[in-house]
Amino acid sequence: MAEAPTTRPGYVNPQRQKVLRRVPWVDGGMDGQYVYILRCIRAGCGYEYGEEGIRVHQRRCPRCDDGAPGLPIPAEAPTLFT
Ligand SMILES: [Zn+2]
């Protein structure tokens, strides 16, 4: 399955939410959506949270931009930046 441009690491949506990476150990739901870790890059925030790929392009920050609560980031995150 090809990845959409809006879920590539480094993509920043119009609400200033940046895609950090996909969560590879979370299975897609019924609709096959992967979960991605997003980071708010609005000034003074930097909040990180999870979201399904299909919603990444329109996501607003849950902390500083009235977005819906994000999905939890699984605690057993493997180290991807070695
Ligand atoms: Zn924010």
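Here is a walk through this structure, from its overall build to its zinc site and its salt bridges. Please keep in mind that the model is predicted.

Let's begin with the chain as a whole. The protein has 82 residues, of which 30% are buried. Its secondary structure comprises 3 strands and 0 helices, so from the N terminus the order of elements is simply β-β-β. If you look at contacts with a separation of 6 or more, 31% of them join residues 24 or more positions apart. The surface comes to about 5,300 Å², and carbon and sulfur atoms contribute 51% of that exposed area.

Now turn to the zinc ion. Four cysteine sulfurs hold it: the SG atoms of Cys-40, Cys-45, Cys-61 and Cys-64, at 2.3 Å. Along the chain these donors are spaced as C-x4-C-x15-C-x2-C. The pair Cys-40 and Cys-64 links distant parts of the chain, with Cys-40 in strand β2 (residues 35-40) and Cys-64 in the segment after β3 (48-52), 24 residues apart. The angles among the 4 donor atoms run from 107 to 113°, and the site is tetrahedral.

How covered are these cysteines? Cys-40 counts as buried because its relative accessibility is 1%, and Cys-61 is buried too, at 0%. Cys-64, on the other hand, is partly exposed, since its relative accessibility is 31%. As for disulfides, the count in this model is 0.

Salt bridges are the next stop, and there are 6 of them. One pairs Glu-48 with Arg-39, whose closest N and O atoms are 2.6 Å apart. Both partners are partly exposed: Glu-48 has a relative accessibility of 30%, and Arg-39 has 34%.

Another salt bridge joins Asp-65 to Arg-42, with 3.7 Å between the closest N and O atoms. Asp-65 sits in the segment after β3 and Arg-42 in the loop between β2 and β3, so this pair ties together parts that are 23 residues apart in sequence. Its two partners differ in cover: Asp-65 is buried because its relative accessible area is 13%, while Arg-42 is partly exposed at 30%.

Finally, have a look at Arg-55, which forms a salt bridge with Glu-52; here the closest N and O atoms lie 3.8 Å apart. Arg-55 has a relative accessible area of 40%, so Arg-55 counts as partly exposed. This bridge is part of a wider arrangement, in which salt bridges with shared partners join Glu-51, Glu-52, Arg-55 and Arg-59 into one network.

Definitions and conventions. Residues numbered from 1 in each chain as written. Predicted model: local features only at pLDDT ≥ 70, side-chain atom pairs only at ≥ 80, totals over all residues. Heavy atoms only, no water. Donors = N, O, S within 2.8 Å, 3.2 Å for Na, K, Ca; no water. Tetrahedral: all angles 85-135°; square planar, octahedral: opposite > 155°, others 65-115°. Helix = DSSP H or I, 4+ residues; strand = E, 2+ residues; numbered from the N terminus. Buried < 20%, exposed > 50% of the residue type's maximum accessible area, 1.4 Å probe, protein only. Contact = heavy atoms within 4.5 Å. Areas by Shrake-Rupley, 256 points an atom, 1.4 Å probe, with all protein chains shown as cover. Disulfide = S-S within 2.5 Å. Salt bridge = Lys/Arg side-chain N within 4 Å of Asp/Glu carboxyl O.
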